[in-house]
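Me: Could you take a close look at the sheets with me? I would like to know how the strands are ordered and what packs on them.

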Amino acid sequence: MKAETFDRFCAFLEQHSGILLSRDKQYLVETRLSRVARSKGHASVESLIETLLSRRDRMLARDVVDAMTTNETLWFRDGYPFAALEKKFFPEAVAAKKATYRIWSAACSTGQEAFSISITAEEQRVPFNLEIVGTDISEAVVEKARQGVFDDLSLGRGLSPERKRQYFVKANDGWKISPQISRRTQFRVGNLLELRPESRRYDLVFCRNVLIYFSRETKAKIIDRIADTLVPGGYLILGASESLTQLSDRFTPERLPTGGTAYRLKS
Ligand SMILES: C[S@@+](CC[C@H](N)C(=O)[O-])C[C@H]1O[C@@H](n2cnc3c(N)ncnc32)[C@H](O)[C@@H]1O
């Protein structure tokens, strides 16, 4: 692929998704887009990109952005945020006599994070109404989260056999999450670059392992918009290796009793 085509594609991808590719990622574009190119009848990835950049084809843009996302996720990823639901966030919601507690799983991929939150709530028998909203830019993963069907390999990544027995039922093509868990969750397509103010705010936002793909400037903008979606004193949890340092002064970091950090919105 010509360097100029690669550069123009990188600009397109960043504009549409925030995902920033470094110069050495040409192989990644070739690998991820070869299937899309073939399925659309293009002889090469370069030809696919030329078409993408010369036409306003929303479906093609969606398929290309989808193919460029990294959807790696696990059940109960990193452990501590889910232990913190049990030790801190849910007890605080009970103490505050909340009738409804709202959690946003931003960049939720195939839904494991949202379902892990719901399983934790089920096991803690939370007395309030818990609403968990999962959003992701990729339509393919959002559809998979809505289906809630997982194979043994993906269930094996972080889910204990006891929880599999308790919360899944055998389906034709894998294991389906039970309604007892899925009833608290809803999934929709959402681009973090296009966040709009919502009428109902969140008590807690999980935005984990996605900011790493963005420029510092994009991260700062997204964090600012996320702050606007939180209730006063609401919390944000980032990925284990991510931090808000030099990105926002609207939050105070708090060490969690279970390890890791949560960021509390200043009132
Ligand atoms: C590595 S996964 C992280 C999933 C989950 N949060 C976790 O920590 O296990 C990153 C997800 O971010 C999504 N993503 C990338 N850019 C996005 C954007 N601009 N808006 C929303 N989601 C995005 C990808 O589609 C992908 O599913």
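Reply: Happily; here is a walk through the strands and the helices beside them. This is a predicted model, in which local features need pLDDT of at least 70, side-chain atom pairs count only at pLDDT 80 or more, and totals for chains, interfaces and linings use all residues. Residues are numbered from 1 along each chain as its sequence is written.

Seven strands form an open sheet in the order 6-2-1-7-8-10-9, with mixed pairing. Strands (E, at least two residues) and helices (H or I, at least four) are DSSP runs numbered from the N terminus, and two strands pair if DSSP finds at least two bridges between them. At the edges are strand 6 (185-189) and strand 9 (251-255), each pairing on one side only. On average, neighbouring strands of this sheet are turned by 25° against each other, direction ignored; axes are lines fitted to C-alpha atoms, for helices over the stretch in contact, and angles run from 0 to 180 degrees between N-to-C directions.

Within this sheet, strand 1 (residues 100-106) and strand 7 (residues 202-207) run parallel, joined by four bridges. I103 stands opposite L204 in strand 7. Helix 6 (residues 112-124) packs on the sheet, touching strand 1, strand 2 (129-136), strand 6 and strand 7; contact means C-beta atoms, placed from the backbone, within 7 Å. The direction of helix 6 makes about 170° with that of strand 2. Helix 7 (residues 139-147) also packs there, touching strand 2 and strand 6, and its direction makes about 160° with that of strand 6.

An open sheet of three strands has the order 3-5-4, with antiparallel pairing. Strand 3 (149-150) and strand 4 (168-171) each have a single partner strand, so one side of each lacks a neighbour in the sheet.

Technical notes. Contact = placed C-beta atoms within 7 Å.
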